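Hello,

Here is the structure I promised to pass on. Please open it next to this message and read on below.

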Amino acid sequence: MMRVAVIGGEGIGPEVTAQASRVLAWFSERRRLPVEVAEAEFGLDAYRRTGKVIPPETRAAIEGADAILFGATGGPETAEVPPEARREGSLLKLRRSLDLYANLRPIVTDPALYDSAPLKERVLNGVDFVIVRELSSGIYFGEPRGIETRPDGSRRGFNTNSYTTEEIRRVARFAFELARSRRGRLCSVDKANVMEASVLWREEVIALHAEEFPDVELSHMYVDNAAMQIVRAPGQFDVMVTDNIFGDILSDCAAMAAGSLGMLPSASLGPADAQGRRTALYEPVHGSAPDIAGRGIANPLGSILSVAMMLRLTLGRPDDAILLERAVGDALAHGARTADIAEPGRAPVSTAAMGDAVLASLDRLAG
């Protein structure tokens, strides 16, 4: 029996996660998936009740889980939480405490969304690549950082972008291994023309390639060019590896190839143990979207496709992962659209109705 901690979080997180949980329950009931689900509290409501963003029972659920399904965090209402309490329970700190160093964000186009996608069909045809983002180091964690008042009364904000050989090599190794299992091409993205941390990044990636992965085709790209190429010709990529802040930005840019940020799933993975198991957190790439929270119109497909990643990477059910991905495509082919992916003139469906559509497709495809 595999244990999954389900944490809806804040904003639209609980709404989209509820639909992903319905899908997980379908696989448990219809495909005999041996999974035990524990719902856990996170965020503003948890703080109001316990004084902590991540209460002790949620930490216990996380520590006892084989996988975590997370919704979203943030929003203006969280100003009620004191900064120290927010930092103590932040998603950044959770990722760091679990050593989730490799973040996978697959970018796959669906022909059903060509008409509503911001990019032209000829650009979208056949796009299928993965961004591997280093997740537990870099500028989001570097020290020193802060805001200081200078002697003249003006203020200075500063952050430190720092990487070590070990931090670079382990995420690059993960990306090389992933590329080896796909089409054999890895593009490493940096800013080595102006940043010393990126110089080290490129040097270490080149060295690791020569030592362990000469069979994988390696290329390099500056991040500004990579952003342009993602919207100009995304089909050229197979696997892309980059640092924390660049991966954060580029994956949002790449959402335009998938039709919407609401379509993107992700998996954040830790080091493999002796049995090859990894601590894993699955979540849609989008944020809490406070402007639409509580309205029942958010796109749950990023969360549902995160379940597909969980089936493949943690639960050991690749055939079920393929079935779920096909069901999402089938639901879209039958016309289900939330507001973010609806063509002009097409009536959008609600968050729950999109969940219904995916479950109906699962029933059809499973016979």
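What follows is what turned up in it, topic by topic.

First, a caution: this is a predicted model.

**Annotation and overall make-up**

An unreviewed UniProt entry annotates residues 3-358 as "domain: Isopropylmalate dehydrogenase-like". Over that stretch, 41% of the chain is helix and 20% is strand. The C-alpha atoms at its two ends lie 23 Å apart.

**Nonpolar cores**

The largest nonpolar core contains 88 residues. Leu324, Val358 and Leu362 have the most contacts inside it. Both domain 1 (1-100 + 264-366) and domain 2 (118-258) contribute residues, so this core lies between them.

Leucine 324 is a good place to start looking. Leaving out residues up to four places away in sequence, leucine 324 touches Val23, Phe27, Ile304, Val307, Ala308, Leu311, Val358 and Leu362. There is also a second core, separate from the largest one, with 20 residues. Tyr47, Val81, Leu91 and Leu94 are among them. As background, nonpolar side chains in soluble globular proteins tend to be buried together.

**Strand β5 and its partners**

Is strand β5 enclosed or open? Of its 7 residues (128-134), 6 are buried, so β5 is largely enclosed by the rest of the structure.

Which strands pair with β5? One is β4 (residues 102-108), which runs antiparallel to β5 and is joined to it by 7 bridges. Within that pairing, leucine 104 has valine 132 of β5 as its bridge partner. Another is β10 (residues 239-242), which pairs with β5 in the parallel sense over 4 bridges. There, isoleucine 131 stands opposite methionine 240 of β10.

**Cysteines**

How many disulfides does the structure hold? The count is 0. Cysteine 187 is in no disulfide, and the nearest cysteine sulfur to it, that of cysteine 253, is 13 Å away. For a disulfide, the two sulfur atoms would have to be within 2.5 Å. Cysteine 253 is likewise in no disulfide, with the sulfur of cysteine 187 as its nearest.

Are these two cysteines buried or exposed? Cysteine 187 has 4% relative accessibility, so it counts as buried. Cysteine 253 has 22% and counts as partly exposed. The cut-off for buried is under 20%.

If you look at one region, take leucine 324 and its contacts. If you look at two, add β5 with β4.

Best wishes

Key. Residues numbered from 1 in each chain as written. Predicted model: local features only at pLDDT ≥ 70, side-chain atom pairs only at ≥ 80, totals over all residues. Heavy atoms only, no water. UniProt positions renumbered as here; feature names shortened; annotations may be inferred. Core = buried A, V, L, I, M, F, W, Y, C linked by side-chain atoms within 4.5 Å. Buried < 20%, exposed > 50% of the residue type's maximum accessible area, 1.4 Å probe, protein only. Domains from an automatic or database assignment. Contact = heavy atoms within 4.5 Å. Pairing = 2+ DSSP bridges.
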